[in-house]
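Work through three short exercises on the structure shown below. Try each task before you read its solution.

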Amino acid sequence: MAGSQAAPVIAIRQLHEHAEFVEAVQLQQIIWGFADVDLLPVRLFIVASKVGGHAFGAYDGDQMVGFCLAIPGLKPRGQYYLHSHMLGVLPAYRDYGIGRQLKLAQREEALGRAIDLIEWTFDPLEIKNAFFNIERLGAIVRRFLPNQYGATSSLLNAGLPTDRLVAEWYVRSNRANSIIGHEPFQRPLVEARISLPLNIGELRTGQPETVREIQKTIGEQFQQHFAAGLAVIGFERTSESGNYLIGKWESN
């Protein structure tokens with residue numbers, strides 16, 4: 001899709017058929033360049049769709065251009081939630097809001113089953129994803145997972161440890177409802193910031209040792225703030241940096 005072309009008309013639909021799951025597996029190879037060992041197989045899509053999870057596809061006509069997969073989870077106190085394990089969109093179709101369409105489809109399906117929480121992990125070095133998760137969907141973050149997946153074949157990791165933050169999306173909360181509806185709401189007081197250089201993507205390919213030091217430093221900061229009972233409550237971008245905003249958060 002060239003930037004000068006009109007935005008494609010995308011249809012989102014829930015996936016049920018074996019052939020649809022095969023398409024989603026093929027997209028993983030294109031989007032992330034995974035080796036076979038790192039692919040989520042068709043059988044996982046089938047099982048997830050039958051035991052309380054779901055999968056959605058984004059279609060431009062008959063072509064699947066994006067997908068997401070969620071599996072059911074259970075908290076220690078018996079709370080049922082969805083873990084949104086993977087979401088991807090073909091490079092040529094990015095920046096058209098397709099990821100948001102897929103997440104909102106997940107939310108609607110969860111609300112229809114009285115599920116209040118959807119979680120997923122994301123790389124704290126990915127500024128665009130952080131802004132999307134926190135400022136476009138209304139997720140908050142209270143957990144940091146060092147090297148969650150170990151070494152992977154994805155070119156996007158560039159050999160770095162797979163540190164992850166856990167996005168908690170309380171889909172019925174005032175925060176989520178306000179952000180999704182583009183309505184004002186009372187944001188908590190910001191008590192600290194964790195900053196990344198805005199060009200972290202370029203550094204990742206050209207200066208991996210520098211990025212590893214940044215990754216280590218922010219990981220320590222996240223763990224310190226989370227241990228103190230604080231959360232990521234916002235994200236801001238300036239001309240030089242991406243900033244995680246830290247403060248107190250209570251579900252409402």
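The exercises go from overall form to one aromatic pair, and the model is a predicted one.

**Exercise 1. Check whether the radius of gyration agrees or disagrees with that of a compact globule.**

Step 1. Take the length: the protein has 252 residues.
Step 2. Apply the globule rule, 2.2 Å times the number of residues to the power 0.38.
Step 3. A compact globule of this length would come out near 18 Å.
Step 4. The protein has 18 Å, so the two agree.
Step 5. Add the spans: the C-alpha trace covers about 50 × 45 × 40 Å along its principal axes.

**Exercise 2. Describe the fold by its elements, burial and contacts.**

Step 1. Count the elements: there are seven helices and ten strands.
Step 2. Turn to burial: 48% of the 252 residues count as buried.
Step 3. Take the contacts between residues at least 6 apart in sequence; 68% of them join residues at least 24 apart.

**Exercise 3. Classify the pair Phe222 and Tyr244, and say which parts it ties together.**

Step 1. The rings lie 5.0 Å centre to centre, and centres within 6.5 Å make a pair.
Step 2. The planes stand 85 degrees apart; over 60 counts as edge-to-face.
Step 3. Phe222 is in helix H7 (residues 208–227) and Tyr244 in strand S10 (residues 241–247), so the pair ties together parts 22 residues apart in sequence.
Step 4. Check burial, with the cut-off at under 20% relative accessible area. Phe222 has 0% and counts as buried. Tyr244 is buried too, at 0%.
Step 5. Set the pair in context: the count comes to ten aromatic pairs. Elsewhere, Phe21, Trp32, Phe34, Phe45 and Phe67 form one aromatic cluster.

Notes: Residues are numbered from 1 along each chain as its sequence is written. This is a predicted model: local features need pLDDT of at least 70, side-chain atom pairs count only at pLDDT 80 or more; totals for chains, interfaces and linings use all residues. Side-chain values use heavy atoms; hydrogens and water are left out. Helices (H or I, at least four residues) and strands (E, at least two) are DSSP runs, numbered from the N terminus. Buried means under 20% relative accessible area, exposed over 50%, partly exposed in between (1.4 Å probe, protein chains only). Contact means heavy atoms within 4.5 Å. Rings of Phe, Tyr and Trp (its six-membered ring) pair if their centres lie within 6.5 Å; planes under 30 degrees apart count as stacked, over 60 as edge-to-face and the rest as tilted.
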